[in-house]
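Reader: I am new to this structure and would be grateful for a close look at a single part of it, the surroundings of the ligand. Please set that part in the context of the chain.

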Amino acid sequence: MLEVIPGDETKKSGDDATFRRYCEENALLPSPEEQGKSCNLMFSQMTIDCEGDAYICCVAPTLPSMRLGKFLELSADEILAKRFVHPFCRGCKYPRHDRTAEEAAWLSCIEPLIEKERADLEHHALDHHKVQGPATGLPLGI
Ligand code: SF4
């Protein structure tokens, strides 16, 4: 016999405000991915919840700040671009490997998407700064 047990991972991992603050702090760090390193989970794994939302990866909880968007409405290129610029990954200590030729080729094909994601992040951060003032979280629930 199976019993459904409601989960609440915020009790284990922290709430969205905590993760937004973490992302805001990480935004100032150098990105390993921009320095020629790659995270396996970023390039070869997908995390999707029961509602069909794609998330940054299985290392992070399914909180709004970690959400990338509806999986079926995003291409693999768009998902990689969103992950590539996501500030959570900048501070993540998950081991990286040297970027492979295959990963480099994929990234070079999606440069315009990466630039768009970077611009969107900066735009959201500026808007948020105007409305909320500094030292709060980035609006990452894209
Ligand atoms: S959060 Fe860490 S493990 Fe997950 S995709 Fe980003 S860098 Fe990789």
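Author: A term is needed at the outset: two strands are said to pair if DSSP finds at least two bridges between them. The model under discussion is predicted, with a mean pLDDT of 84 for the chain and 82% of its residues at 70 or more.

The chain has 7 helices and 5 strands. Read from the N terminus, these elements follow the order α-α-β-α-β-β-β-α-α-β-α-α. Of the 142 residues, 24% are buried. Among contacts with a separation of 6 or more, 67% join residues 24 or more positions apart.

The ligand is surrounded by Cys 39, Leu 41, Met 42, Ile 56, Cys 57, Val 59, Ala 60, Arg 83, Phe 88, Cys 89, Cys 92 and Tyr 94. Two or more residues of this shell come from each of the helices α3 (40-44) and α5 (87-91). By class, the shell holds 11 nonpolar residues and 1 charged residue, with no polar ones; the charged residue is Arg 83.

Several residues of the shell, including Ile 56, Cys 57, Ala 60, Phe 88 and Cys 89, also belong to the largest nonpolar core, which has 15 residues. Together with Tyr 55 and Met 66, these five touch the most other members of that core. Helix α2 (16-26), strand β3 and helix α5 each give two or more residues to the core. A second, separate core of 5 residues includes Leu 80, Ala 81, Val 85 and Leu 121. Such grouping may be set beside a general tendency: in soluble globular proteins, nonpolar side chains tend to be buried together. Within the largest core, Ala 60 touches Tyr 55, Met 66 and Phe 88, when residues up to four places away in sequence are left out.

Strand β3 (residues 53-55) also takes part in an open sheet. This sheet has 3 strands in the order β2-β3-β4, with antiparallel pairing. Because β2 (47-48) and β4 (67-70) stand at the edges with a single partner strand each, one side of each is left without a neighbour in the sheet. The antiparallel pairing of β2 with β3 extends over 2 bridges, and Ile 48 has Ala 54 of β3 as its bridge partner.

One region calls for caution. Over residues 131-142 pLDDT stays under 50, although the model has 27 contacts beyond four places in sequence for them. Where pLDDT is low, the predicted coordinates should not be read in detail.

Note on methods: Residues numbered from 1 in each chain as written. Predicted model: local features only at pLDDT ≥ 70, side-chain atom pairs only at ≥ 80, totals over all residues. pLDDT = per-residue confidence, 0-100. Contact = placed C-beta atoms within 7 Å. Helix = DSSP H or I, 4+ residues; strand = E, 2+ residues; numbered from the N terminus. Buried ≥ 20, exposed ≤ 12 C-beta atoms within 10 Å, placed from the backbone. Near = placed C-beta within 6 Å. Core = buried A, V, L, I, M, F, W, Y, C linked by C-beta atoms within 7 Å.
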